[in-house]
Amino acid sequence: MYRNKHLDVKRYAVAMGRLTDGQQTAEAARLDDGLRDEVDDLVAQWRTQRPDVDVEPLQVLSRVSRLARHLDIARRAAFASGGLELWEFDVLSALRRSGPPFQLTPGALLRATLVTSGTMTNRIDGLAAEGLVRREPDPRDRRGVLVTLTDRGRAVVDAAFTDLLDRERALLAGLPDDQRQLLAGLLRTLLAPFDAPSPGLSANGPCPPPGQFCAGL
């Protein structure tokens, strides 16, 4: 995940001169560990070119952004291995997470995936044609229907989820369990304010536009 790169001593000295004592200590300790990545160079360059601004947010968020790219590749590969598109897994996983009998109303699926009713209808049609879900009458609403995960659909989504977890463990292989737990806690603190329910948003927070992968995981 990390690459050893030559350190530009002159540029590094200039950049270090703009850090606080605490930041210099943390930076020196990190370099002693022999770990460098592209963000280190990016941050050093911006500190040199824009000494008037605090570029510390890049230390965290640029790494989150880069990690998100690797995660997106892992997810696409896991779903493709099971013959699923991202949106298909999104719908199937919503049904699977709901627990037995693994069924939701179309409205509940809309709220879980944040797409339009027309888009959801088309997606249910497609999944039903593949034998992954089926429509059933809603006993509580004579005009309503329930979307139920079939046995085949459950097997497909379970296999894709297992594959995904294996790939995600590989992404985290460089961190021992205690550091994973620490990182999870820090990210939770960062994300919690964004996940608070707001007008026009789901309880899961903002999601990508319709057609893109949503927060099903």
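Let me begin in strand 3, where the bridge partner of Pro137 is Val145. I should say at once that this is a predicted model. A second bridge into strand 3 pairs Arg135 with Val147, and a further position sets Asp138 opposite Asp141. Taken as a whole, strand 2 and strand 3, the latter spanning residues 141–149, run antiparallel and are joined by six bridges. The connection between these two strands is a hairpin, which passes through two residues.

Strand 3 has another partner. Strand 1 is joined to strand 3 by two bridges, and this pairing is antiparallel as well. Here Leu104 stands opposite Val147, the residue of strand 3 that is also the bridge partner of Arg135. The result is an open sheet of three strands in the order 1-3-2, with antiparallel pairing. Which strands stand at the edges of this sheet? They are strand 1, residues 103–104, and strand 2, residues 133–138; each has a single partner strand, so one side of each is left without a neighbour in the sheet.

Helices pack on this sheet. Helix 5 touches strand 1, strand 2 and strand 3, and its direction makes about 100 degrees with that of strand 3. Helix 7 also packs on the sheet, touching strand 2 and strand 3, with its direction at about 115 degrees to that of strand 2.

Allow me to step back to the chain as a whole. Its secondary structure comes to nine helices and three strands. Reading from the N terminus, the elements follow the order α-α-α-α-α-β-α-α-β-β-α-α. The protein chain has 217 residues, of which 29% are buried. Of the contacts between residues at least 6 apart in sequence, 53% join residues at least 24 apart.

I now return to helix 5 and the helices it meets. How are helix 5 and helix 7 oriented to each other? Helix 7 covers residues 117–129, and the two helices pack at an angle of about 90 degrees, with their axes 11 Å apart. They are therefore roughly perpendicular to each other. On the side of helix 5, the contact involves Trp87, Glu88, Val91 and Leu92, while helix 7 contributes Met120, Arg123 and Leu127. By class, the residues of this contact are five nonpolar, no polar and two charged.

Helix 5 also packs against helix 8, with an angle of about 105 degrees and axes 10 Å apart. Helix 5 and helix 8 are therefore roughly perpendicular to each other. In this contact, Phe89, Leu92, Ser93 and Arg96 of helix 5 meet Arg154, Val157, Asp158, Ala160 and Phe161 of helix 8. The residues here divide into five nonpolar, one polar and three charged. Leu92 thus takes part in the contact with helix 8 and in the contact with helix 7.

Phe89 deserves a further remark. The model has one aromatic pair. What is the geometry of the rings of Phe79 and Phe89? Their centres lie 4.2 Å apart and their planes stand at 20 degrees; planes under 30 degrees apart count as stacked, so the pair is stacked. This pair links distant parts of the chain, since Phe79 belongs to helix 4, residues 57–81, and Phe89 to helix 5, residues 86–97, with their positions 10 residues apart in sequence numbering. Are these two residues buried or exposed? Both Phe79 and Phe89 are buried.

My last point concerns Asp163, which is found in helix 8, residues 151–171. Leaving aside residues up to four places away in sequence, Asp163 touches Ala78 and Ser81. Along the chain, Asp163 and Ser81 are 82 residues apart, yet their C-alpha atoms are separated by 8.4 Å.

To close, I would draw attention again to helix 5. It packs on the sheet, touching strand 1, strand 2 and strand 3; it is roughly perpendicular to helix 7 and roughly perpendicular to helix 8; and through Phe89 it takes part in the stacked pair with Phe79.

Conventions. Residues numbered from 1 in each chain as written. Predicted model: local features only at pLDDT ≥ 70, side-chain atom pairs only at ≥ 80, totals over all residues. Heavy atoms only, no water. Phe/Tyr/Trp six-rings, centres within 6.5 Å; stacked < 30°, edge-to-face > 60°. Helix = DSSP H or I, 4+ residues; strand = E, 2+ residues; numbered from the N terminus. Buried < 20%, exposed > 50% of the residue type's maximum accessible area, 1.4 Å probe, protein only. Axes fitted to C-alpha atoms, helices over the stretch in contact; angles between N-to-C directions. Parallel < 35°, antiparallel > 145°, perpendicular 65-115°, else oblique. Contact = heavy atoms within 4.5 Å. Nonpolar A, V, L, I, M, F, W, Y, C, P; charged D, E, K, R; others polar. Pairing = 2+ DSSP bridges.
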